[in-house]
Structure formats: C-alpha cells, structure tokens
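Reader: I'd like to poke at this one with you before I set anything up. Can you walk me through what the coordinates show?

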Amino acid sequence: MNLLFKDFFGIFKIFEETYERIRKILIPPKAYSWQTFIYLSIFSWIMSYLATGYIRDIIALFGWLFLIAGTAWYTTDDPLRVPGTFMPIGAVITGFLVSVFAFGDQTETITSRTIVLWPTISALITAIPEFIEGTDVDSKTRIPKPDARQRIIVLVASCMMISCWLQFYFVMDNWLKQYPSLSAESFGRSSFVITGMEPEKIPTNGVTILNKLQPLVEEQIADRPWSEVERWLLEANVKVGQLGREVINNNLSKYEEKELWRVEPRVVNLNSGYRLDLLSIWTGPTANPRGYFLRKSCQIDPVAAPSTTTNSRIPEDKKAVAEIQCDRLSKLFSGAAPPQQ
C-alpha cells in the first residue's frame with residue numbers, strides 16, 4: 001500500500017512540475033518581458049483579420065515586429081549556440097522571421113529571397129550585440145575587440161557564402177524550368193552542378209515541336225493535287241516557317257526557351273517524289289559548340305486519285321494526288337543543320 005501511494009505521489013509531482021514549467025512560460029513574470037511581446041503579436045494578428053484596408057496592414061506589421069522582438073528576447077536569454085560557431089540558435093530563428101517579414105508576400109510567405117538571405121541576416125543579428133555595451137537602462141555603441149572582429153568577419157563571410165550557394169541553386173533551378181532543354185545536356189564535367197538524374201536522351205520540347213508540326217503539314221499536303229503540292233514545296237521555307245512559329249507559340253509559350261527554337265524545312269527531290277525533312281533547330285547554349293537539331297522526315301509521293309464518278313472523262317493517271325508518310329519518331333543530330341538545297 002505504501003508503495004502504491006509513493007507511485008501515486010510521484011506521478012502527481014511530475015504533473016505538478018510540468019504545470020509549473022508551462023505556467024512559467026505562459027505567464028509573464030512582469031509586464032516588460034518576452035511573453036508580453038508574443039501575446040501582443042498574437043493579439044495583433046487576430047485584430048488584423050478583423051480589420052480591412054491599410055489598417056489591416058499596419059496591425060499585421062506591428063504583429064510581425066512584436067513576434068520578432070519576443071522571439072529574439074526569449075532565445076537570447078539563455079542562448080543555445082550552433083555547433084562550431086558562436087551563433088545562437090535564437091539568432092537563426094530571429095533571422096528567419098526577419099527574412100520572412102522583409103521578403104515574403106501575402107501570396108507566398110516563403111520566397112527564394114527569404115531562403116537566400118536567411119543565413120546572412122542571422123549572422124548580422126549575431127554580430128549586433130558585439131557593437132553594443134551597457135545595461136538594460138544605459139547602453140552605447142562600441143568597436144568590437146580584435147578577436148571579436150575576426151570572429152564576426154568569419155561568421156558573416158561564411159553565411160554570405162552560404163547565401164551565394166543558395167542563390168546559385170535557385171538560379172539553376174529557374175534556368176532548368178524556363179529552359180528545360182538544358183536538362184538534355186550532360187553536367188558530368190561541371191564542378192558545381194549535380195543534377196542527380198540522368199540527362200534526357202533527346203530534348204522534349206524539340207520533339208513536341210515536330211510532333212505538333214507533322215499533322216499540320218500533312219493536312220496541307222495529303223490528298224491534294226500533285227501540281228498544287230509541288231508549288232507548296234517550292235514555298236516550303238515560308239509555309240513551314242509560319243506553321244513552326246504557330247506551333248512554338250501555342251505549345252512553348254510558358255517557356256523562355258521558345259525564342260531559342262527555330263523550324264526549317266529541307267526538300268530533297270527523289271526519283272519518285274520528294275522527301276520533306278522537318279527540322280527543329282536549337283540555337284541556345286549547349287555543350288556541343290556546333291549545336292544540334294532534331295529531324296523528322298516525310299516521304300511525299302504522287303498516287304492516283306480515287307475515282308469519285310464512274311463517268312469521269314479525265315484519265316486516272318492525270319488525277320494524281322499527294323500521299324505523305326512521316327517518320328514516327330524524331331531523331332537527334334549533333335552539329336549544324338544541313339544547308340538548303
């Protein structure tokens with residue numbers, strides 16, 4: 001029985017200690033404390049949801065300032081430092097809040113600039129106390145001691161370098177989104193870029209251009225009178241160029257690289273007909289100094305037109321129409337596009 005009472009009081013004591021810790025955190029010991037700032041920030045955010053217009057923005061602004069002040073105060077009372085540095089964890093947290101407050105927006109709270117400038121802002125917040133000396137009621141600026149200057153310079157420079165690497169990552173990520181054909185390049189010899197994935201064997205947008213262009217060309221050639229098709233082929237540069245620009249504008253409008261693709265035809269006269277090569281040519285940066293292009297070939301031959309009336313006076317061999325058959329897949333070629341014939 002005594003053991004049972006002992007365990008019961010032990011559990012009760014644990015709950016009592018937990019309650020005291022929570023009460024110590026939640027209840028401010030005095031009006032001028034970090035809890036007061038946190039409660040003011042919560043109150044400001046609630047009021048900002050009830051307000052409208054510029055009043056809402058002003059209240060939200062004060063909410064952010066109260067939150068940053070309260071967090072900075074709490075985390076610097078008994079600082080836990082980042083291993084290997086003299087940077088308090090509180091400076092990292094405060095730096096994040098300051099970065100979100102300064103560079104976030106209503107549609108996207110955490111932006112790339114928030115992440116990029118977070119380390120540098122944290123380092124500057126860590127360095128600020130080194131320039132101030134005094135008490136809570138009397139303080140003045142000072143020049144840090146030589147050993148402190150060295151630590152500050154190393155810390156700020158290291159954090160700025162981290163910011164540069166983060167910015168480099170976002171730049172590369174944005175390039176690969178706006179210029180997805182770059183993902184077909186090999187970065188194996190790069191000392192800075194690691195893609196973590198196998199490069200594409202053939203640029204997707206180049207294939208898309210030819211696949212969308214093919215039915216448009218077939219529509220203008222298939223089952224048309226042979227003489228009309230031959231005239232069309234004489235103007236193939238203009239015809240295919242217009243169709244190519246239409247395809248690029250319709251299908252690559254969301255990519256910046258749309259300006260770097262060009263469509264050109266190549267017409268080869270064969271004994272039985274013609275071969276029309278549709279080329280999508282990449283004019284952007286590439287590891288191959290001579291560039292590359294994609295090609296889809298279409299065979300165009302005259303065939304006898306199907307008889308529509310049994311009493312037609314025109315001989316069947318005089319009613320030739322065009323038949324077109326294109327390759328199913330596009331092929332990638334290194335080097336410059338072949339010259340016009």
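What follows is a run of questions and answers on this predicted model.

Reader: Let's start with the big picture. How many helices and strands does the protein have?
Author: Some context before the count: of the 341 residues, 30% count as buried. Among contacts with a separation of 6 or more, residues 24 or more positions apart account for 58%. As for secondary structure, the protein has nine helices and seven strands.

Reader: How do the axes of α5 and α6 run, roughly parallel or roughly antiparallel?
Author: Helix α5 covers residues 112-127 and helix α6 covers residues 146-178, and their axes come within 8 Å. The axes cross at roughly 180 degrees. Angles over 145 degrees count as roughly antiparallel, so α5 against α6 is roughly antiparallel.

Reader: What classes of residue make the contact of α5 with α6?
Author: On the α5 side the contact includes I115, V116, L117 and P119, and on the α6 side it includes I152, L155, V156 and F170. S112 and T120 of α5 take part too, as do S163 and Q167 of α6. By class, that contact has 15 nonpolar, five polar and no charged residues.

Reader: Now α8 and α9. Are they roughly parallel or roughly perpendicular?
Author: Helix α8 is residues 226-234, helix α9 is residues 236-251, and their axes come within 5 Å. The crossing angle is roughly 80 degrees. The range from 65 to 115 degrees counts as roughly perpendicular, so that is the label for α8 and α9: roughly perpendicular.

Reader: How many charged residues sit in the contact of α8 with α9?
Author: W232, L233 and L234 come from α8, while A236, K239 and V240 come from α9. Lys counts as charged, and K239 is in that set. The split is five nonpolar, no polar and, for charged, one.

Reader: Which elements cover the buried residues of α9?
Author: The buried residues of α9 are A236, V240, G241, L243, G244, V247 and I248. The helix has 16 residues and reaches 22 Å from its first C-alpha to its last, close to the 22 Å expected. What covers its buried residues includes α7, α8, β3 and β4.

Reader: And α2, which of its residues are buried?
Author: Helix α2 takes in residues 34-50, which is 17 residues. From first C-alpha to last it reaches 25 Å, close to the 24 Å expected at 1.5 Å a residue. Its buried residues are W34, Q35, S41, S44 and S48.

Reader: I221 caught my eye. Which residues does it touch, leaving out those up to four places away in sequence?
Author: I221 lies in helix α7, and at 0% relative accessibility it counts as buried. One partner is far off in sequence: I324 is 103 residues away, yet the C-alpha atoms are 7.1 Å apart. The full set touched by I221 is V229, W232, L276, I300, A322 and I324.

Reader: Just past there is D223. Is D223 buried or exposed?
Author: D223 is found in the loop between α7 and α8. Its phi is near 65 degrees, a positive value in a residue other than glycine. Relative accessibility is 62%, and the cut-off is over 50%, so D223 counts as exposed.

Reader: For the electrostatics, how many salt bridges does the structure hold?
Author: One of them joins the side chains of R224 and E228, at 3.4 Å from N to O. R224 is partly exposed at 32% relative accessibility, and E228 is partly exposed at 31%. The number of salt bridges in the structure is seven.

Reader: In the salt bridge of R262 with E264, which residue is buried?
Author: The closest N and O atoms of R262 and E264 are 2.7 Å apart. R262 has 38% relative accessibility and counts as partly exposed. With a relative accessible area of 17%, under the 20% cut-off, the buried residue is E264.

Reader: What is the relative accessibility of D277, the salt-bridge partner of R275?
Author: R275 and D277 meet through their side chains at 3.1 Å, N to O. R275 counts as partly exposed at 28% relative accessibility. D277 counts as buried, with a relative accessibility of 4%.

Reader: Which residues do salt bridges with shared partners join into one network?
Author: We already met R262 and E264 as a salt-bridged pair. Sharing of partners links salt bridges into one network, and its members are R262, E264 and R266.

Key
Residues numbered from 1 in each chain as written. Predicted model: local features only at pLDDT ≥ 70, side-chain atom pairs only at ≥ 80, totals over all residues. Heavy atoms only, no water. Helix = DSSP H or I, 4+ residues; strand = E, 2+ residues; numbered from the N terminus. Expected span 1.5 Å × (residues − 1). Buried < 20%, exposed > 50% of the residue type's maximum accessible area, 1.4 Å probe, protein only. Salt bridge = Lys/Arg side-chain N within 4 Å of Asp/Glu carboxyl O. Axes fitted to C-alpha atoms, helices over the stretch in contact; angles between N-to-C directions. Parallel < 35°, antiparallel > 145°, perpendicular 65-115°, else oblique. Contact = heavy atoms within 4.5 Å.
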